[in-house]
Amino acid sequence: MAQTCWPYFDPEFENLSVKINPPRVSVDNTSCRHCTVVKVDSVNKPGILLEVVQILSDLDFTITKAYISSDGGWFMDVFHVTDQQGKKITDGRTIDYIEKALGPKGQTAEWMKNCAGKRVGVHSVGNHTTIELVGRDRPGLLSEISAVLADLQFNVAAGEVWTHDRRIACVFYVNDSSTNHEVHDMNRLSIMEEQLKHILRGCEEDDKVARTSFSTGFTHIDRRLHQMLFAERDYEGGGVTSEVDRASSFKPKIAVDRCEEKGYSVVSVQCKDRAKLMFDIVCTLTDMQYVVFHANIWSNSPYASQEYFIRHVDGCTLEAEGEKERVVKCLEAAIHRRVSEGLSLEVCAKDRVGLLSEVTRILRENGLSVRRAVISTVGEQAVNVFYVRDAYGNPVDTETIEALRREIGHSMMLNVKKDPGSAKAPQAEAEAETETEASSGWSKASFFFGNLLEKLLA
């Protein structure tokens with residue numbers, strides 16, 4: 001039998017161009033009066049735009065302008081960014097992190113594995129097991145899920161919950177309450193998986209309506225949530241929309257045209273501006289196998305305009321009307337998934353098994369529906385943020401807020417805020433916000449990744 005010989009490829013060959021031409025990153029606070037300018041020049045590679053936008057989004061930066069160009073083998077980005085208060089980025093540790101994350105060190109596998117990013121995987125948040133849940137949403141479902149985890153003595157250390165078009169996607173980082181480490185007992189994991197699948201399935205017999213799985217990869221958590229809902233085809237619509245969803249000022253305006261001169265398809269997006277908007281759009285285009293060659297991003301508060309010059313990975317432009325319509329629907333869904341109308345409830349208490357179950361039970365018993373949630377643990381403190389409406393999708397009234405304050409306030413700190421990215425709230429919401437903040441004595445603080453990073457870098 002003739003022996004087949006294959007050419008040898010050095011595993012370091014793919015990194016050779018990066019070593020020869022390492023990325024150049026500059027953080028400039030002098031060129032622009034009102035914002036920090038972040039410039040990135042590097043060898044072009046698949047997915048690089050998403051990586052850069054992901055890092056800036058994880059730092060909770062607001063991108064007011066961006067210019068992207070990646071024709072040929074070189075990639076050039078210019079981002080105008082501010083912090084959440086609209087100020088320049090002046091903290092030395094944050095600037096150092098940007099330069100390392102976007103520079104040559106950030107291109108190594110070891111850096112990506114150890115950097116303080118929001119990633120899905122068994123080792124993503126210390127010694128935890130990562131579980132992914134997706135299924136049909138219904139009032140009180142999050143309470144039922146957290147009750148199962150509490151009964152089985154799993155502590156939820158971190159996680160995120162998104163809902164869209166009557167579907168729910170969750171990523172939870174859990175550990176064993178007795179050891180505070182990941183769970184190795186396959187029997188316990190199987191029991192948890194089966195019970196959660198039963199809860200998600202509800203009264204329906206079809207196993208396809210719900211999925212429970214354990215994650216072992218290192219995908220960014222927000223990207224993973226987009227992928228889970230995309231796989232559920234939430235972009236096809238047909239769900240119940242609220243008054244806010246139906247408002248014409250809220251609906252994104254998305255168009256797909258052709259740039260005859262350069263041979264690109266041009267995707268134009270005009271919608272209400274909000275945090276992480278660019279990430280959500282670039283993430284969706286990337287996962288749909290489109291490559292962004294050029295982009296212009298600008299924000300004129302409260303609205304944003306974004307323009308992307310794209311081709312499919314096979315080099316083709318979008319010609320078929322069906323393909324264009326699918327892109328429009330998928331981008332609309334991506335924009336809506338993170339939008340949180342109405343109030344956000346920030347609950348802070350000492351971390352313990354069953355805390356999430358207790359809080360979500362109280363929300364359910366008061367007739368509130370959780371549209372999105374962010375669960376985190378800082379030291380021994382659990383910090384949970386819930387974006388809520390009533391069971392019919394309407395704003396939460398003052399009486400309900402008062403009932404929550406009486407029930408939660410004696411053992412936990414409760415902060416009620418109007419979500420800055422939502423439509424104008426009724427007077428009752430504004431009054432509830434003022435009264436609750438005055439009683440709690442809390443300042444308007446954010447417990448998202450940007451603040452957690454400061455603790456990690458300390």
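**Entry 1. Asparagine 127**

I began at asparagine 127, which I located in the loop between strand S5 (119–120) and strand S6 (129–136). The model I am reading is predicted. I looked up the surroundings of asparagine 127 beyond its neighbours within four places in sequence, and found it in contact with Asn175, Asn180, His181 and Glu182. For histidine 181 I also took the separation from asparagine 127: the two are 54 residues apart in sequence, yet 5.0 Å apart in space, C-alpha to C-alpha. Is asparagine 127 buried or exposed? I recorded it as partly exposed, because its relative accessibility is 34%, and the buried class ends at 20%.

**Entry 2. The chain as a whole**

I next noted the overall composition. The chain has 458 residues, of which 50% are buried. Its secondary structure comes to 14 helices and 18 strands. Among contacts with a separation of 6 or more, I found that 72% join residues 24 or more positions apart.

**Entry 3. Confidence**

I then checked how far the prediction may be read. Mean pLDDT for the chain is 81, with 77% of residues at 70 or more. Where is confidence lowest, and where is it highest? The lowest mean, 38, belongs to helix H13 (residues 427–440), and the highest, 97, to helix H9 (residues 277–287). Over residues 421–458 I saw pLDDT stay under 50. For that stretch I noted that the model has 78 contacts beyond four places in sequence.

**Entry 4. Helix H9**

I turned to helix H9, the element with the highest mean confidence. H9 is mostly covered, with 9 of its 11 residues buried. I listed the buried ones as Leu277, Met278, Phe279, Asp280, Ile281, Val282, Cys283, Thr284 and Leu285. Just after H9, I found glutamine 289 with a positive phi of about 70°.

**Entry 5. Aromatic pairs**

How many aromatic pairs does the count come to? I obtained 3. One of them joins tyrosine 264 and phenylalanine 293, and it is tilted, with 5.4 Å from centre to centre and 35° between the planes. I noted that this pair links distant parts of the chain: tyrosine 264 is in strand S12 (residues 264–272) and phenylalanine 293 is in strand S13 (residues 290–300), 29 residues apart. I classed tyrosine 264 as buried because its relative accessibility is 2%. Phenylalanine 293, at 16% relative accessibility, I also entered as buried. Tyr264 and Phe293 form one aromatic cluster with Phe309.

**Entry 6. Arginines over rings**

I looked for charges placed over aromatic rings. The charged end of arginine 311 sits over the ring of phenylalanine 293, at 4.8 Å from its centre. Elsewhere I found arginine 188 over the face of phenylalanine 154, where the distance to the ring centre is 4.5 Å.

**Entry 7. Helices H11 and H12**

I examined the crossing of helix H11 (residues 355–365) and helix H12 (residues 398–408), whose axes come within 10 Å. The crossing angle is roughly 145°, and I recorded the crossing as right-handed. Which residues meet there? From H11 I listed Arg361, Ile362, Leu363 and Glu365, and from H12 Leu404, Glu407 and Ile408.

**Entry 8. Positive phi outside glycine**

I searched for residues other than glycine with a positive phi. Aspartate 60 has a phi near 60°. I placed aspartate 60 in the loop between helix H2 (48–58) and strand S3 (62–69). I noted aspartate 60 as buried because its relative accessibility is 11%. Arginine 166 also has a positive phi, of about 65°. I found arginine 166 in the loop between strand S7 (154–164) and strand S8 (167–176).

**Entry 9. Aspartate 222**

Lastly I looked up aspartate 222, which lies in helix H7 (residues 221–231). Is aspartate 222 buried or exposed? I entered it as buried, because its relative accessible area is 1%. I also took its separation from tryptophan 162, which is 60 residues in sequence and 9.5 Å in space, C-alpha to C-alpha.

Conventions: Residues numbered from 1 in each chain as written. Predicted model: local features only at pLDDT ≥ 70, side-chain atom pairs only at ≥ 80, totals over all residues. Heavy atoms only, no water. pLDDT = per-residue confidence, 0-100. Helix = DSSP H or I, 4+ residues; strand = E, 2+ residues; numbered from the N terminus. Contact = heavy atoms within 4.5 Å. Phe/Tyr/Trp six-rings, centres within 6.5 Å; stacked < 30°, edge-to-face > 60°. Buried < 20%, exposed > 50% of the residue type's maximum accessible area, 1.4 Å probe, protein only. Lys NZ or Arg CZ within 6 Å of the ring centre and 35° of its normal. Axes fitted to C-alpha atoms, helices over the stretch in contact; angles between N-to-C directions. Left-handed = near helix turned anticlockwise from the far one by under 90°.
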